[in-house]
Amino acid sequence: MDRNYGRPGGPPPGGPPRRGAPGWGQPQRPGPPPRPLQETALLPGDQGDYPPEPPPARRRPMPPAYPRAAIRPRQSVTRRRPRRLVRRILAVVAVLLLAVVGFGVYIDTTLNRVAALPADSTATSSGTNWLIVGSDSRQNLSDEEKDKYATGDDTSQLTDTIMLLHSGASGTVLVSIPRDSMVDIPGHGRAKINSAYGRGGGPDGGGPELLVRTIEGATGLHIDHYAEIGFLGIVNVVDAVGGVDLCVPEAIEDPKAALDIQAGCQTLDEATALGYVRTRATATSDFGRVERQRAFLSALLSKVTSPAVLANPFRVVPLANDLSGSITVDSGDHIWNLAQLGLAMRGLGEGISTTVPVRDGVVNWDRERALALFEALQNDQRPPENALGP
């Protein structure tokens, strides 16, 4: 090591003085003794003979520490969209259900009701029995409608149509009771069954209740529900569902019922439908009429309960309004009972449609066969073939 320069093997920093420079040719004074090598400190940027040290690597700043509960996993857009769609669909369905229930409650409150079922009835039977009555009342018809439908101005209160609908474990059975059937009317002796309604005082005087008592006494069946519809009701309902599809077995022309119809499958409008269920201008007279009434009622209720009507608000809303104003039920019946009636009628495809057995045209019932028919219904059994009428 050179003691004059403080560094091994080399001149002092900057080299010797140049010729002619200050201090040239003058003796050099010795400097301070060099420090040990390990104690020599290098100035910044003075690396000597060693390679430069690499700069320190930059470290990415750590994210701030959040509580674990605040950190939520990111959900993909494809997962969020179906959930939002499902929630919207459920909300729409809920609104529709509330609207349907609300509308049903409103219609139920507007139904015409009458006390038709006797509170002291002692008749018992299995299954469910409906008494379905078609009234010939013209009270709600205008003069123009009376002329259009050829109903006349009769002010009588008679039951033009009487049917028993039984439903239960044995299936559905629809029984027509001829309106001229001779039966015992409580408090009025023996008379035609269609006069029981009028003898009771009409819709405001208990007529339906006397008719129910008469039916229960003649058949032994307990009547669970009551439904009555008049001429105008048939017209309104048929119009609301856009006509009724029916296969007519024979051509009928009857000016008294404003009817002129050809044989074949066709759609009956309101005027044709009313004339079809009223006419007796055929060889079978009243017995043929009750057959047509059963066929028409089955086709009508099948159309009313069809998806094409129930799923169409432009059909079902007018229908519900027309039904509520055109049909009369017992004071204990509701809109859901009418829905059950429609569903029971749809079961007639595999059920039985018949007339009470009779023995003459007066009309007196065939007691033995009629008894077998109503005993089977009373026990919720399928009636035997020989008990079917007429």
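This report describes the helix packing, the largest pocket and the largest cavity of a predicted model.

**Packing of helix 5**

Helix 5 spans residues 231-240 and packs against helix 7, which covers residues 285-304. Their axes lie 10 Å apart and enclose an angle of about 45°. Because that angle falls outside the ranges for roughly parallel, roughly perpendicular and roughly antiparallel pairs, helix 5 and helix 7 are oblique to each other. The crossing of helix 5 past helix 7 is left-handed. On the side of helix 5, the contact is formed by Ile234, Val237 and Val238, which meet Phe296, Leu300 and Val304 of helix 7. This contact of helix 5 with helix 7 contains six nonpolar residues, with no polar and no charged ones.

Helix 5 also packs against helix 9, residues 313-326. Here the axes are 9 Å apart and the angle is about 175°. Since angles over 145 degrees count as roughly antiparallel, helix 5 is roughly antiparallel to helix 9. Gly233, Asn236, Val237, Asp239 and Ala240 in helix 5 are in contact with Arg315, Pro318, Leu319, Asp322, Leu323 and Ser326 in helix 9. By class, the contact of helix 5 with helix 9 comprises five nonpolar, three polar and three charged residues. Val237 is listed in the contact with helix 7 and also in the contact with helix 9.

The two packing arrangements are set out below.

| Helix pair | Angle | Distance between axes |
|---|---|---|
| Helix 5 and helix 7 | about 45° | 10 Å |
| Helix 5 and helix 9 | about 175° | 9 Å |

**The largest pocket**

The largest pocket holds about 1,200 Å³ of space. It is lined by 46 residues, of which Leu301, Val304, Leu319, Leu323 and Leu338 are the closest to its centre. Val304 also takes part in the contact of helix 7 with helix 5, while Leu319 and Leu323 belong to the contact of helix 9 with helix 5. Helix 10, residues 335-346, gives the most to the lining of this pocket, with seven residues. The lining divides into 35 nonpolar, eight polar and three charged residues.

**The largest cavity**

The model has one cavity of 30 Å³ or more. The volume of the largest cavity is about 40 Å³. Its lining consists of Asp160, Thr161, Ile162, Met163, Ser176, Ile177, Arg179, Asp286, Arg289, Val290 and Gln293. Strand 3 (159-168) and helix 7 each contribute at least two of these residues. By class, the lining of the largest cavity has four nonpolar, three polar and four charged residues.

Note on methods: Residues are numbered from 1 along each chain as its sequence is written. This is a predicted model: local features need pLDDT of at least 70, side-chain atom pairs count only at pLDDT 80 or more; totals for chains, interfaces and linings use all residues. Side-chain values use heavy atoms; hydrogens and water are left out. On a 1 Å grid over the protein atoms alone, a cavity is a set of points where a 1.4 Å probe fits but cannot get out, and a pocket is an open set with protein on both sides within 12 Å along at least five of seven lines; lining residues have an atom within 4 Å of a point. Grid points are joined across faces, edges and corners, and a volume is the space filled by probe spheres set on the points. Helices (H or I, at least four residues) and strands (E, at least two) are DSSP runs, numbered from the N terminus. Ala, Val, Leu, Ile, Met, Phe, Trp, Tyr, Cys and Pro count as nonpolar, Asp, Glu, Lys and Arg as charged, and the others, Gly among them, as polar. Axes are lines fitted to C-alpha atoms, for helices over the stretch in contact, and angles run from 0 to 180 degrees between N-to-C directions. Angles under 35 degrees count as roughly parallel, over 145 as roughly antiparallel, 65 to 115 as roughly perpendicular and the rest as oblique. A crossing is left-handed if the near helix is turned anticlockwise from the far one by less than a right angle, and right-handed if clockwise. Contact means heavy atoms within 4.5 Å.
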